[in-house]
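Please walk through the fold that follows, beginning with strand pairing and ending at the ligand.

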Amino acid sequence: MIFDARPFGLSADPATTALIVIDMQRDFIEPGGFGASLGNDVSLLQAIIPATARLIAGCRAAGIPVIHTRECHQPDLSDCPPAKRDRGNPDLRIGDPGPMGRILIAGEPGAQIIPELAPTPGEKVIDKPGKGAFYATDLGEYLAGLGTKTLIFAGVTTEVCVQTTMREANDRGFDCLLAEDATESYFPRFKQATLDMIRAQGAIVGWTASVDEILSALA
Ligand code: C5J
């Protein structure tokens, strides 16, 4: 199949393609979580839920594996560098109790993927302590086991965890395709800059395409 993508078409085999949905969890999307504690307007991120749900459904229907990630830490914070917890001046820090449980802690309500995009039984869910999904996780081994060569990306936030993971994947030899309308940032200009820099210089990090363009290649 060929994805009608930017900066040019991307050829891929459905049998070696997987979708990674980054951090569509309550802590980033709903009021009272980590994203809001940093002063962000979380409603911007809620807008991509329908497109992301369509992308996930289309991939499932095409037999493309769907992998979900969640940025979160162990309850004892042993995997949270103090530099990360102490950064800035948020209302609530990682590990503090908030309206959705302890902020960015595994197992708490805020760390759960939003119900609209919930994983189905058997789908891989990766808890990651970093912004990149390869760091300190088994994602690389898991994808090697699947024989994956092409990764479709969706999720939040575009310029932080999505872009970091795309760059990690690119360096590991994957072709990376970002779903333009299934990713979002708290800062629209950062999203636009990320889309531009990913596909610049002949797809130096990867490709971008709309959810419709991705789904029509999968159909
Ligand atoms: C952030 C993420 N923005 N999932 N995390 O801290 O992008």
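Strand β9 (residues 175-184) and β10 pair in the parallel sense over three bridges, where strands pair if DSSP finds at least two bridges between them, and A179 stands opposite A209 in β10. This is a predicted model, in which local features need pLDDT of at least 70 and side-chain atom pairs count only at pLDDT 80 or more, while totals for chains, interfaces and linings use all residues. Residues are numbered from 1 along each chain as its sequence is written, and helices (H or I, at least four residues) and strands (E, at least two) are DSSP runs numbered from the N terminus.

The wider setting is an open sheet of six strands, paired in parallel in the order β7-β4-β3-β8-β9-β10. Its edge strands, each pairing on one side only, are β7 (124-128) and β10 (207-209).

Across β8 (150-156), β9 and β10 lies α9, which runs at about 130° to β9; angles run from 0 to 180 degrees between N-to-C directions, and axes are lines fitted to C-alpha atoms, for helices over the stretch in contact. Helix α9 (residues 211-218) also packs with helix α4 (residues 49-61) at an angle of about 10°, their axes being 10 Å apart. That angle makes α4 roughly parallel to α9, a term for angles under 35 degrees. In this packing A51, R54, L55, G58 and C59 of α4 meet V211, I214, L215 and L218 of α9, contact requiring C-beta atoms, placed from the backbone, within 7 Å.

Finally, the ligand is surrounded by D23, F28, E71, K131, V156, T157, V160 and C161, a residue being near if its C-beta atom, placed from the backbone, lies within 6 Å.

Methods: Angles under 35 degrees count as roughly parallel, over 145 as roughly antiparallel, 65 to 115 as roughly perpendicular and the rest as oblique. Two residues are in contact if their C-beta atoms, placed from the backbone, lie within 7 Å.
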